[in-house]
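Student: I've got a model open and I'd like to learn how to read its features one at a time. Can you walk me through it?

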Amino acid sequence: MNKKMLTLSISLAGALTAGSLTGCSSQDNSSQNTSQNESSSSESKSNLQQYSKDPDSKQDEDFDLVGTLDKETNDELTLVIDDKKVKVPKSNSFKKEKDTPKTIDGKQVKVEVNAKNQSAENLELTALAKADSDGIYEKESDGDYSVIGKLISETDKDLTIEVSSGKKTYKKAKDFELDNDNVSGDSKNKIVRLEVKKNDEVESLEIDPEDQ
């Protein structure tokens, strides 16, 4: 083999080796970027769920976020949850409950979040935000109503809660029921929801983790 052919063979071999290394490098970078993107996506998915007190947030189901509405734009909500500002993008189908006032900045809200794309589907005021000075946040046409407040004391016959206007004592109905499945420990000093009959007797007491 003459000198020119030898030089050409070495040059071609070098070029092929360099191309192979470049291809491997690009493939490695692409694989690394994909891995980083997947990791980032995974972190993003868990970021919103870690602020939720909804039992469904631990599963692959839609979940609720409860916080104070700090700011709202056309595309995004900013909530204050445990003194942290949490940004939640709005989905294309985002809507508010029909009885939601136009101005709700600074109010406590509950936002339903789609678990798959981590975007807000629905927003409504919480029971605490809706409640009047007596703690009443919902009234039925038949006279029954719902109350929210802090449980101060409870006996076999009655219970006392604290609302913004002061303490209120209700007599328990004969068919009184207690629902505290999702909350452990003593119910005293926890925020409770009461279903009250039109005769002012309490039919049920519920403790919701999202109210705490």
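Student: Which side chains does E154 or K172 meet in a salt bridge, and how do I read that?
Tutor: A salt bridge here is a side-chain nitrogen of Lys or Arg within 4 Å of a carboxyl oxygen of Asp or Glu. In this case the side chains of E154 and K172 meet in one, at 2.7 Å from N to O. E154 sits in strand β7 (residues 145-154) and K172 in strand β9, so the pair ties together parts that are 18 residues apart in sequence. Strands are DSSP runs of E with at least two residues, helices are runs of H or I with at least four, and both are numbered from the N terminus.

Student: Before we go on, what kind of model is this?
Tutor: It's a predicted model: local features need pLDDT of at least 70, side-chain atom pairs count only at pLDDT 80 or more, and totals for chains, interfaces and linings use all residues. Residues are numbered from 1 along each chain as its sequence is written, and side-chain values use heavy atoms, with hydrogens and water left out.

Student: Are E154 and K172 buried or exposed?
Tutor: Buried means under 20% relative accessible area, exposed over 50%, and partly exposed in between (1.4 Å probe, protein chains only). E154 is partly exposed at 35%, while K172 is buried at 13%.

Student: How many salt bridges are there by this rule?
Tutor: The count comes to nine. One of them joins K96 and E72 at 2.9 Å, N to O. That pair links distant parts of the chain, with K96 in strand β3 and E72 in strand β1, 24 residues apart. K96 is partly exposed at 30%, and E72 is partly exposed at 28%. Together with K90, E72 and K96 are linked in a network of salt bridges.

Student: What about a charged residue without a salt bridge, such as E121?
Tutor: E121, in strand β5, is buried yet has no salt bridge. Lys and Arg count as positive, Asp and Glu as negative, and His and the chain ends are not counted; the nearest side chain of opposite charge is K95, 8.3 Å away. The E121 side chain does make a polar contact with the side chain of S91, at 3.2 Å. A polar contact is a pair of N or O atoms within 3.5 Å; within protein, one must be able to donate a hydrogen and the other to accept it, and residues adjacent in sequence count only if both atoms are side-chain atoms.

Student: Which residues touch the most other members of the largest nonpolar core?
Tutor: In soluble globular proteins, nonpolar side chains tend to be buried together. A nonpolar core is a set of buried Ala, Val, Leu, Ile, Met, Phe, Trp, Tyr and Cys residues joined through side-chain atoms within 4.5 Å. The largest one has 18 residues, and L65, L79, V88, V109 and V111 touch the most other members. The elements giving two or more residues to this core are β1 (63-72), β2, β3, β4 (108-114) and β5 (119-125). A second, separate core of 15 residues includes Y145, L151, Y170 and V196.

Student: How far apart are the C-alpha atoms of L123 and V109?
Tutor: They are separated by 6.8 Å, with the two residues 14 apart along the chain. L123 lies in strand β5 and counts as buried at 0% relative accessibility. Contact means heavy atoms within 4.5 Å; leaving aside neighbours within four places in sequence, L123 is in contact with residues including L77, F94, I104 and V109.
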